[in-house]
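Open the model in your viewer and keep the selection box at hand. The stops below each begin with something to select.

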Amino acid sequence: MMEEEELEFAEDLEAILHLTPEVQLAIEQVFPSQDPLDRADFNAVEYINTLFPTEQSLANIDDVVNKIRLKIRRLDDNIRTVVRGQTNVGQDGRQALEEAQIAIQQLFGKIKDIKDKAEKSEQMVKEITRDIKQLDHAKRHLTTSITTLNHLHMLAGGVDSLEAMTRKRQYGEVANLLQGVVNVLEHFHKYMGIPQIRQLSERVKAAQSELGTQILADFEESFPSQGSKRPGGPSNVLRDACLVANVLDPRIKQEIIKKFIRQHLSEYLVLFQENQDVAWLDKIDRRYAWIKRQLVDYEEKYGRMFPEEWCMTERIAVEFCHITRVELAKVMRTRAKEIEVKLLLFAIQRTTNFEGLLAKRFTGCTLTDKKPESTLDSTNPFLDDEGGEDVGADKDDDLSKPRKPKAPDNPFHGIVSKCFEPHLYVYIESQDKNLGELIDRFVADFRAQGPPKAGTEEGGAVLPSCADLFVYYKKCMVQCSQLSTGEPMIALTTIFQKFLREYAWKILSGNLPKSNSNSGGLTISSLLKEKEGSEAAKFTADELCLICSILSTAEYCLATTQQLEEKLKEKVDKLLVERINLTGEMDTFSTVISNSIQLLVQDLDAACDPALSAMSKVGHMHYLSRVSNPTSCSSTLTR
C-alpha cells in the first residue's frame, strides 16, 4: 500500500515538474549546466549505470550516497533561502504599485499644465501674426496690381507705338516691339472680360492684320509677278519686313516665300517651255546650269534679305526640282517616240548628279517626304561599290569582314529623276537587245576560238564569257536601281532570267561533247561479259578539258546566280521581293553540272572497261584449265 502511494506521489510530482520545450530552452539559456540531473530527459537508471558501470565500482557506493545526500542538503538550503526571501515580495510589490500610481498622477498633472500653457501660447501667436498675414496679403495684391498696371501701361503705349510705326513702315522697330506687345498681351488673357483690355487686344490683332497686308503689298511692289524686271538688290525695309513676318501669322511668311520663289523662277518657265528646243533631254544640262547661276545670283543679291532659318536657297532649289519634274514629264509624254536609250541614260545621269549636288549643298530640311537612297552591298561578283570604287579588289575576301558603312541617305533622290520611271521601258528593251547580242557574241567567240585546249592555262578554268555576263548584269542592276526600285526592276529581272537560261543552253549545254554510250556504271554483268573491245565512246583530252571548263563555269554561275537573286531582293521594293525568284535558272545550271559529271563518269567507265574485261578473261581461262585437268583439280581440292 505504501509503495502504491509513493508511486502515485512520484507520478503527480513528475506531472507538476514537466515543463514545455520553450520553457526548458529558456532555462538552459539563462542557467546553462552540464549536470545530468538538470536535463529535462533525466533517466535515473542510466544515471546509476553511469555511476556504477561495473560490479567492482559498487565498492565505493557509500561515498557516492554521501555525495548525493550532501547535494540534497545544499539544494534544500537553497530552496529554503529562496522561499524565505520571497515572503515579503507581495507587500513590496503592492507598495511599488502605489508609488507608481502616485507618480503617474503627478505626471498627468504636469502634462495638463504644459498643454494649457501651449494653448495660451498658440492663441498669443495667432493674435500676433494676424496683422502680419493681413499685411502680406495686402503686399501681394499691391504687387500684382502694380505689375498689371505696368503691363497695361506698356501694352497701351506699345499698341499706340505699333500703330504709328506701322503707318511709317518702320519695320525694324516694329519687329522687336510687336513681339514684346504679344508677350505682354498674354498676361491679360484672364482679363479679357474687361472692355478696355478687350479693346486693346482687338487693336493688336488689327495692327497684325494691317502689317501682314502691308508687307505683302511691299513685296508685290518690289517683286511683281509680271511686268518689270527684278530690282538690282534688296532693301533694308524688306529685310526688316521679313523679321516682322516671323512674328506674324505663319501664312504671311508662306505667302512671301511662295511669291518670291514664283517670281524668281518665272524666267525658267519661259526659257524652257515645252515647245522650246532647249527643253528636250539632250540639253538637260542647261536647266541645271541655269538654276546654279540663279542660286549664285540669289546669294549675292538677296542672301541677307531673308532670315537664315527660312532656308530660301534650298526652297528655291526644291521648287525648281518640282517644276522640272513636271515639265520633263510633259515633254517626254509629248515626244515619247523620240526617246532613245542613250539619250534617256544621259538625262538620268545628269539628273542624278544634280540631285547628289543638292544633297551635298543642302540638308533637305524643307522637304516633307524623304526617300532613302538604296545601296548595294559587296558580294561576289558584286564586290565593288556602286560608285565604281575598289573595282580591282580581291574577289576572295572573307565575307565575314566588316562592311563599309553606308553613305548617308540622299533626301533629294528621285525629286527630279522620278519623272523618267514611266519611260524606263526603253531602257529595259535596250538591255534585252544588248544581252541578246552579248549572248550571240559569246557563241561566235566560242566557235571562233574553239574549246580550251588541254595543258593550257584556260584548260578546265571558268569561261571568260561567264564573268563578262555577270559584270554586265551588275551594271544594269545598279543603273536600274538608281532609277527605280519598282516594276522596272521586276522587268529587268525577267530579262536576266531569260538570258541566264540562254547562256546555260547555248554556251554550256550546247557545247558539251556528245556520247552514244548508255553505260550506267560498272555492274557484275559487265564484268562477266566477254568484250573484244569497248563500245563506249572515249573523249579526247581536249574534250575532257572542255567538260571540266563547262562544269566549273556552271558551278560559278550557280553560286553567282544565287548572289544575284539576293542583291535583286535588296534593291527592289519590299512589296515586290516575293516576285524575285531565280530558282528555275539555278536548277538549269544544276542540270548542266549533273550532265557534265555524268559525261566524266562515262569516260572513266569507258577507260576502265578494257582492263576489267581483260581481268574477267584471265579469271575465266584459269577456271577452264582447272576443269579440263581433273587430277589437278582433285589434288587442289585435297589440299
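The tour covers one helix, a surface patch, the nonpolar cores and some salt bridges. Keep in mind throughout that this is a predicted model.

**Stop 1: helix 11**

Select residues 284–302, which make up helix 11. Put a distance between the C-alpha atoms at its two ends: they are 27 Å apart. At 1.5 Å a residue, the 19 residues of this helix should span 27 Å, so the model agrees with the expected value.

Now show the side chains of Ile284, Arg287, Tyr288, Trp290, Ile291, Gln294, Leu295, Asp297, Tyr298 and Tyr302, the buried residues of helix 11. Which helices do they pack against? Colour helix 9 (250–264), helix 10 (266–271), helix 12 (312–334) and helix 13 (341–361) to see these partners.

**Stop 2: a surface patch**

Go to the N-terminal region and select Leu19, Val23, Ile27, Val30 and Phe31. Together they form a nonpolar patch on the surface, with about 460 Å² of accessible area. Leu19 sits in the loop between helix 1 (2–17) and helix 2 (21–30). Its relative accessible area is 38%, so Leu19 counts as partly exposed.

**Stop 3: the nonpolar cores**

Select Phe219, Phe306, Phe420 and Tyr503, the residues with the most contacts inside the largest nonpolar core, which has 114 residues. Helix 16 (residues 487–508) supplies the largest share of this core, eleven residues. Another core, of nine residues, lies apart from it; among them are Val181, Leu185, Ile197 and Val204.

Return to Phe219 and show what surrounds it. Leaving out residues up to four places away in sequence, Phe219 touches Leu238, Ala241, Cys242, Ile256, Met305 and Phe306.

**Stop 4: salt bridges between helices**

Side chains of opposite charge can pair when their charged atoms come close. With a cut-off of 4 Å between nitrogen and carboxyl oxygen, the count comes to 16 salt bridges.

Select Lys498 and Asp432, whose closest N and O atoms are 3.3 Å apart. This pair links distant parts of the chain: Lys498 lies in helix 16 and Asp432 in helix 14 (residues 425–449), 66 residues apart. Are the two partners buried or partly exposed? Lys498 is partly exposed at 33% relative accessible area, and Asp432 is partly exposed at 26%.

Next select Arg501 and Glu585, which form a salt bridge at 2.5 Å, N to O. Here too, distant parts of the chain are linked: Arg501 is in helix 16 and Glu585 in helix 19 (residues 583–628), 84 residues apart. Arg501 has 28% relative accessibility and counts as partly exposed, whereas Glu585 is buried at 4%.

**Stop 5: a salt bridge within one helix**

Select Glu570 and Lys567, joined by a salt bridge of 3.4 Å, N to O. Why are they separated by about one helical turn? They are three residues apart in helix 18 (residues 541–571). An α-helix has 3.6 residues a turn, so residues three or four places apart point the same way. Glu570 is partly exposed, with a relative accessible area of 40%, while Lys567 is buried at 2%.

Finish by selecting Asp277, Asp282 and Lys283, which are joined into one network by salt bridges that share partners.

How values were computed
Residues numbered from 1 in each chain as written. Predicted model: local features only at pLDDT ≥ 70, side-chain atom pairs only at ≥ 80, totals over all residues. Heavy atoms only, no water. Helix = DSSP H or I, 4+ residues; strand = E, 2+ residues; numbered from the N terminus. Expected span 1.5 Å × (residues − 1). Buried < 20%, exposed > 50% of the residue type's maximum accessible area, 1.4 Å probe, protein only. Contact = heavy atoms within 4.5 Å. Patch = residues over 30% accessible without salt bridge, like charges linked within 9 Å, V, L, I, M, F, W, Y side chains within 5 Å. Areas by Shrake-Rupley, 256 points an atom, 1.4 Å probe, with all protein chains shown as cover. Salt bridge = Lys/Arg side-chain N within 4 Å of Asp/Glu carboxyl O. Core = buried A, V, L, I, M, F, W, Y, C linked by side-chain atoms within 4.5 Å.
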